[in-house]
Amino acid sequence: AAISSELHADYKSRALSEILKALAHDRSAFEARWRRVSSADQLLSRVAMTAARQAAGLGLETLAREIIERALMQEWSSELIDAYGEASASEANVRIERAERWLRDRARDARLLLALGRLCAAAGLWGKAQSYVEASLSFGPTRESHLELARLLERLDRTADAAAQYKLAAQASA
């Protein structure tokens, strides 16, 4: 019996993800294999997520950013936005610029705001990072966003405020 197209797509994305993960320690093999993945398959959320994480792990931050940006143009995904917020200082400013453009259409997206907060922190823009994380909390408080704000407040030597955020994070996970 034939399998459904949804199940086929799921199997295919899982298989491609596993293939890409197997190349986590070989930059040239990863790049070569990624180039052979069809354009349509590169846009699958799971495949894009795996590829972006592998690329970043191999020091290919620009490729990682491009993979996520292309996939997000196809389908908006909280998981991809989370991954987009994971950047080194060298990539942070480019990602901030792009994410702020997305924010024009998604001003109430708590995950996007949190990602922007992380990117601003990576770029050393502490006040802006705090504003974005606080905005994220206002639209969807999560343990993760409380922890992010606590870490930011610690960096700003606001230990009492940080402690309060850690407490809120602990309560959120219960």
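Okay, arginine 95 first. In this predicted model, arginine 95 is buried, with a relative accessible area of just 1%. The cut-off for buried is under 20%, so arginine 95 counts as buried at 1%. Who is its partner? The side chain of arginine 95 meets that of glutamate 91 in a salt bridge, 3.3 Å from N to O. Glutamate 91 is buried too, at 6% relative accessible area. Both of them sit in helix H7, which covers residues 89-105, and they are four residues apart, about one turn of the helix.

Now have a look at another salt bridge. Arginine 118 and glutamate 148 meet through their side chains, 3.0 Å from N to O. Arginine 118 belongs to helix H8, residues 110-122, while glutamate 148 belongs to helix H10, residues 143-155, so this pair ties together parts that are 30 residues apart in sequence. Are these two buried or exposed? Arginine 118 is buried, with a relative accessible area of 16%, and glutamate 148 is buried as well, at 10%. There's also a network of salt bridges here, linking Asp82, Arg111, Arg118, Glu144, Glu148 and Arg151. And if you search the whole structure, you get 17 salt bridges.

Let's move to helix H1, residues 5-22. Here glutamate 18 forms a salt bridge with lysine 21, and the closest N and O atoms are 3.4 Å apart. Those two are three residues apart in H1, so about one helical turn separates them. What about exposure? Glutamate 18 is partly exposed, at 48% relative accessible area, and lysine 21 is also partly exposed, at 41%. Partly exposed runs between the 20% and 50% cut-offs, which is why 48% puts glutamate 18 in that class.

Stay with H1 for a moment, and find tyrosine 11, which is in this helix. Tyrosine 11 counts as partly exposed, with 46% relative accessibility. Together with Ile3 and Leu7, Tyr11 makes a nonpolar surface patch of about 270 Å².

So how does H1 sit against helix H4, residues 45-57? When two helices pack, people describe them by the angle between their axes and the distance between the axes. For H1 and H4, the axes come within 8 Å and cross at roughly 10°. Angles under 35 degrees count as roughly parallel, and therefore H1 and H4 are roughly parallel to each other. If you want to see who touches whom, pick out Asp10, Ser13, Arg14, Leu16, Ser17, Leu20 and Lys21 on the H1 side. On the H4 side, they meet Arg46, Val47, Thr50, Ala51 and Gln54. Lys21 is on that list, and it's the lysine in the salt bridge with glutamate 18.

Last stop, glutamate 69. You'll find glutamate 69 in helix H5, residues 61-74. Glutamate 69 is buried, with a relative accessible area of 14%. Which residues does glutamate 69 contact, leaving aside its neighbours within four places in sequence? Those are Tyr84, Arg98 and Trp102. One more pair to try on your screen: glutamate 69 and serine 45 are 24 residues apart in sequence and 11 Å apart in space, going C-alpha to C-alpha.

That's my tour, from the buried arginine 95 to the buried glutamate 69. Thanks, everyone!

How values were computed. Residues are numbered from 1 along each chain as its sequence is written. This is a predicted model: local features need pLDDT of at least 70, side-chain atom pairs count only at pLDDT 80 or more; totals for chains, interfaces and linings use all residues. Side-chain values use heavy atoms; hydrogens and water are left out. Buried means under 20% relative accessible area, exposed over 50%, partly exposed in between (1.4 Å probe, protein chains only). Contact means heavy atoms within 4.5 Å. Patches are made of residues with over 30% relative accessible area and no salt bridge: like charges are joined within 9 Å, nonpolar side chains (Val, Leu, Ile, Met, Phe, Trp, Tyr) within 5 Å. Accessible areas come from the Shrake-Rupley method with a 1.4 Å probe; for residues, only the protein chains shown count as cover. A salt bridge is a side-chain nitrogen of Lys or Arg within 4 Å of a carboxyl oxygen of Asp or Glu. Axes are lines fitted to C-alpha atoms, for helices over the stretch in contact, and angles run from 0 to 180 degrees between N-to-C directions. Angles under 35 degrees count as roughly parallel, over 145 as roughly antiparallel, 65 to 115 as roughly perpendicular and the rest as oblique.
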